[in-house]
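Q: Got a minute to walk through this model with me? I'd like to start with the ligand and then go over the fold.

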Amino acid sequence: MLEVSDLHVSYGQSEVIHGVNFEAKKNETLAIMGRNGMGKTTLFKSLIGVLGSGKGSIKIDGTDVTNKESYERVANGIAYVPQGRMIFPTLTVQENIETGMGVSGIKEVPEDIYALFPVLLEMRHRKGGNLSGGQQQQLAIARALVTNPKVLLLDEPTEGIQPSIIKDIANILNEIKSLRDITIIVSEQVLSFTMAIADRLIVIDKGNFIHEDLREDVDTQQISKYLSV
Ligand SMILES: Nc1ncnc2c1ncn2[C@@H]1O[C@H](COP(=O)(O)OP(=O)(O)OP(=O)(O)O)[C@@H](O)[C@H]1O
Ligand SMILES: [Mg+2]
């Protein structure tokens with residue numbers, strides 16, 4: 001569903017992603033794990049097209065999107081939940097979700113979105129900025145889902161969220177996966193969270209992939225070592 005080959009990403013002269021290769025299959029959840037500053041956000045921004053890539057290719061469901069703008073990539077089936085959520089604080093919950101609906105042509109927030117996130121239905125007229133961090137994360141996921149993505153990217157969705165709410169987010173992502181044909185790619189540092197959702201884990205270190213395991217083969221102590229400073 002997503003195929004990335006030899007992807008290099010730089011800021012000016014400084015290369016941060018050094019030629020990564022990976023695929024994610026339909027109905028697979030893939031976790032990219034790495035410490036602060038290892039290149040997770042840079043990788044995700046280049047996948048969604050906010051950052052250009054110097055070299056390499058990105059395909060979504062067989063379509064090469066490497067030279068396409070972000071909005072065209074979204075139309076091709078990729079959606080992005082940025083690190084820090086980036087919801088619009090002065091818009092209501094409903095208006096925030098509606099900002100994601102432009103490309104899909106739908107007029108009203110679909111019922112299945114509010115079924116997944118009952119708290120957003122309850123709070124739909126409240127300003128986004130007045131939601132808790134966990135609720136804002138749900139809002140950011142809802143906004144991404146209304147484009148009906150084939151590939152959903154989430155950049156550190158548990159950052160700054162308390163453990164009980166992290167469990168809720170894991171449950172929601174597993175429910176989304178059971179309800180839709182979707183590929184979920186998440187960047188993370190919290191191993192317990194990815195062990196609850198991911199089929200496969202990749203470790204990124206200084207812009208290179210250095211380790212990969214299916215969930216059932218994961219040695220959690222070894223991965224924790226990669227994640228500790
Ligand atoms: N706009 C930028 N200009 C130059 N260098 C940048 C820029 N953004 C990030 N970097 C550098 O790129 C490297 C990777 O950063 P990135 O934000 O991708 O890491 P990350 O894995 O997402 O970290 P975190 O877990 O803290 O979010 C870091 O060395 C960072 O300093
Ligand atoms: Mg980041």
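Q: How does the shell around ligand 1 split by class?
A: This is a predicted model, to start with. In it, the shell around ligand 1 has seven polar, three nonpolar and two charged residues.

Q: OK, which residues surround ligand 1?
A: Going up the chain, they are Tyr11, Val16, Gly34, Asn36, Gly37, Met38, Gly39, Lys40, Thr41, Thr42, Gln83 and Glu156.

Q: And which element gives the largest share of that shell?
A: That's H1, with three residues.

Q: Tyr11 is in that list. What does tyrosine 11 stand opposite in E2?
A: Serine 14. Strands E1 and E2 make a hairpin there, with two residues between them.

Q: What's the phi of glycine 12 in that turn?
A: Positive, about 60°.

Q: How many bridges hold E1 and E2 together, and in which sense do they pair?
A: Eight bridges, in the antiparallel sense; E1 covers residues 2–11. Within that pairing, histidine 8 stands opposite histidine 18 in E2.

Q: Let's zoom out. What's the strand order in the sheet with E1 and E2?
A: E2-E1-E4-E5, an open sheet of four strands with antiparallel pairing.

Q: Which strands stand at the edges there, and why is one side of each left without a neighbour?
A: E2 (14–24) and E5 (63–64) are the edge strands. Each has a single partner strand, so one side stays without a neighbour in the sheet.

Q: Does a helix come into this? Which strands does H1 touch?
A: H1, residues 40–48, packs on this sheet and touches E1, E2 and E4 (55–60). The direction of H1 makes about 65° with that of E2.

Q: Back to E1 for a second. How does E1 pair with E4?
A: In the antiparallel sense, over five bridges. Leucine 2 stands opposite isoleucine 60 in E4.

Q: Now the other sheet. What's the order of its six strands?
A: E6-E7-E8-E3-E9-E10; the sheet is open and the pairing is mixed. E6 (78–81) and E10 (208–214) stand at the edges with a single partner strand each, so one side of each has no neighbour in the sheet.

Q: How much does the sheet twist?
A: The average is 20° from one strand to the next.

Q: What about E6 and E7, parallel or antiparallel?
A: Parallel, over four bridges, with E7 running through residues 151–155. One opposite pair there is valine 81 and leucine 154 in E7.

Q: Which strands of that sheet does H1 lie across?
A: E3 (29–33), E6, E7, E8 (183–188) and E9 (200–205). H1 runs at about 150° to E7. H6 packs on the sheet as well, touching E6 and E7, and its direction makes about 165° with that of E6.

Q: Changing topic: at what angle do H6 and H7 pack?
A: About 15°, with their axes 10 Å apart. H6 is residues 133–145 and H7 is residues 163–179. The two helices are therefore roughly parallel to each other, and H6 passes H7 in a right-handed crossing.

Q: Which residues meet between H6 and H7?
A: Gly134, Gln137, Gln138 and Ile141 come from H6; Ile165, Asp168, Ile169 and Ile172 come from H7. By class, that contact has four nonpolar, three polar and one charged residues.

Notes. Residues are numbered from 1 along each chain as its sequence is written. Chains are lettered from A and ligands numbered from 1 in the order in which they are written. This is a predicted model: local features need pLDDT of at least 70, side-chain atom pairs count only at pLDDT 80 or more; totals for chains, interfaces and linings use all residues. Two strands pair if DSSP finds at least two bridges between them. Two residues are in contact if their C-beta atoms, placed from the backbone, lie within 7 Å. Axes are lines fitted to C-alpha atoms, for helices over the stretch in contact, and angles run from 0 to 180 degrees between N-to-C directions. Angles under 35 degrees count as roughly parallel, over 145 as roughly antiparallel, 65 to 115 as roughly perpendicular and the rest as oblique. A crossing is left-handed if the near helix is turned anticlockwise from the far one by less than a right angle, and right-handed if clockwise. Ala, Val, Leu, Ile, Met, Phe, Trp, Tyr, Cys and Pro count as nonpolar, Asp, Glu, Lys and Arg as charged, and the others, Gly among them, as polar. A residue is near a molecule or strand if its C-beta atom, placed from the backbone, lies within 6 Å of it.
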